[in-house]
Amino acid sequence: DIAILPLGTANNVARSFGLPSVRLHGPAAIRRTLASLRSLEHGIVDVGEANGVPFLGSFALGMDAAILRRRNRLRARSRLGETLGGYPLYLASCAIETLGHQSVPTRITADDVRLEAPIYNLLVTRCPIYAGEFRFTGRGGVPAGRLSLHAFHHRRDFLVGYASAWRRHVRHVRDELTEDAPTTRLCRNAHIRLSSPAAAQLDGEEAAASDEWRIEVIPDALRLRLPPQV
């Protein structure tokens, strides 16, 4: 069995399973995590895999990965503290990349459907929460045995899509009805070929740049301890 201790920055996976962030909620979050360890409740969850590397929450290449890479480089050079080197530096990196990031000609095959188009950002998710405050799936989340793939072709697509995803997350928190983003393409696997290597990230960690990615879902890969229902 696997249990999650939500000590990360956004805690996307933990929050998707009802575990609040320790950073934001302190002792209450630790108590809920300990309750999940003692709980008899389990969930069987799927895992994604990108070029043989597993991910539980998300895979992204293009703009999202470029922002993460720049933030990491700036933080390493500037030696900023935990506060300024966290979210403020991430926002600054986002602004810098928005000015300079370019789309890359790409061929995507999702199951048996082929798409050739420029890609500014490509996102594949398994859990509903992404980057802390974004949600691309509706109330039902990502169906079992599927990946949720979202392709953004240009800067405007990216900005509009993520603004909508933020509003969808706010509505979900308010317990309002939400539907999947119009960019959603559900698939079991995807093959991505880029005209040049692009930065990528898996669950918020940098991955080596590549011009080819093979992504698939591995059904029922993990048995996860869940907090008791209240």
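**Figure 1. A60 on strand β3 pairs with L123 on strand β6.** In this predicted model, we start with a strand that has company on two sides. Strand β3 covers residues 58-62, and five of its five residues are buried. Look for β6, made of residues 121-125: β3 and β6 run antiparallel and are joined by five bridges. A60 and L123 are bridge partners here. β3 also runs antiparallel to β11, this time with three bridges. To find that pairing, pick out F59, which stands opposite L202 in β11.

**Figure 2. Strand β4 pairs with β5 and with β11.** How much of β4 is buried? Five of the seven residues in this strand (104-110) are, so the rest of the structure largely encloses it. β5, residues 113-119, runs antiparallel to β4, and seven bridges join the two. One pair to look for is T109 and its bridge partner in β5, R114. Follow the chain around and you'll see that β4 and β5 make a hairpin with two residues between them. D111 sits in that turn and has a positive phi of about 55 degrees. Now turn to β11 (residues 189-202), which pairs with β4 in the antiparallel sense over five bridges. Here I108 has I192 as its bridge partner.

**Figure 3. S148 is a buried residue in strand β9.** The strand itself spans residues 147-152. Is S148 buried or exposed? Its relative accessible area is 0%, and anything under 20% counts as buried, so S148 is buried. Check out its side chain: a polar contact of 2.8 Å joins it to the side chain of H150. Setting aside neighbours within four places in sequence, S148 touches a whole list of residues, including L123, V124 and T125. Also among its contacts are T137, V142, T184, R185 and L186. You've already met L123, the bridge partner of A60.

**Figure 4. I4 sits in the segment before α1.** With a relative accessible area of 17%, I4 falls under the 20% cut-off, so this residue is buried too. What does I4 touch, leaving aside neighbours within four places in sequence? Its contacts are V13, A14, L19, T33 and L224. For a sense of scale, try L68: I4 and L68 are 64 residues apart in sequence, and their C-alpha atoms are 23 Å apart in space.

**Figure 5. The largest pocket holds about 1,500 Å³ of space.** It is lined by 46 residues, and T9, A10, N12, A131 and G132 are the closest to its centre. The elements that each give two or more residues to this lining are α1 (12-16), α2 (22-25), α4 (63-78), α5 (87-100), β7 (129-130) and α6 (155-173). Which element gives the most? That's α4, with six residues. By type, the lining has 23 nonpolar residues, 14 polar ones and nine charged ones.

**Figure 6. The second largest pocket holds about 410 Å³ of space.** Here the lining is made of 24 residues, and S16, F17, C127, P128 and G141 lie nearest the centre. Two or more lining residues come from each of α1, β1 (42-50), α6 and β12 (205-225). What kinds of residue are these? The lining divides into 11 nonpolar, seven polar and six charged residues.

Terms used:
Residues are numbered from 1 along each chain as its sequence is written. This is a predicted model: local features need pLDDT of at least 70, side-chain atom pairs count only at pLDDT 80 or more; totals for chains, interfaces and linings use all residues. Side-chain values use heavy atoms; hydrogens and water are left out. On a 1 Å grid over the protein atoms alone, a cavity is a set of points where a 1.4 Å probe fits but cannot get out, and a pocket is an open set with protein on both sides within 12 Å along at least five of seven lines; lining residues have an atom within 4 Å of a point. Grid points are joined across faces, edges and corners, and a volume is the space filled by probe spheres set on the points. Helices (H or I, at least four residues) and strands (E, at least two) are DSSP runs, numbered from the N terminus. Ala, Val, Leu, Ile, Met, Phe, Trp, Tyr, Cys and Pro count as nonpolar, Asp, Glu, Lys and Arg as charged, and the others, Gly among them, as polar. Buried means under 20% relative accessible area, exposed over 50%, partly exposed in between (1.4 Å probe, protein chains only). Contact means heavy atoms within 4.5 Å. A polar contact is a pair of N or O atoms within 3.5 Å; within protein, one must be able to donate a hydrogen and the other to accept it, and residues adjacent in sequence count only if both atoms are side-chain atoms. Two strands pair if DSSP finds at least two bridges between them.
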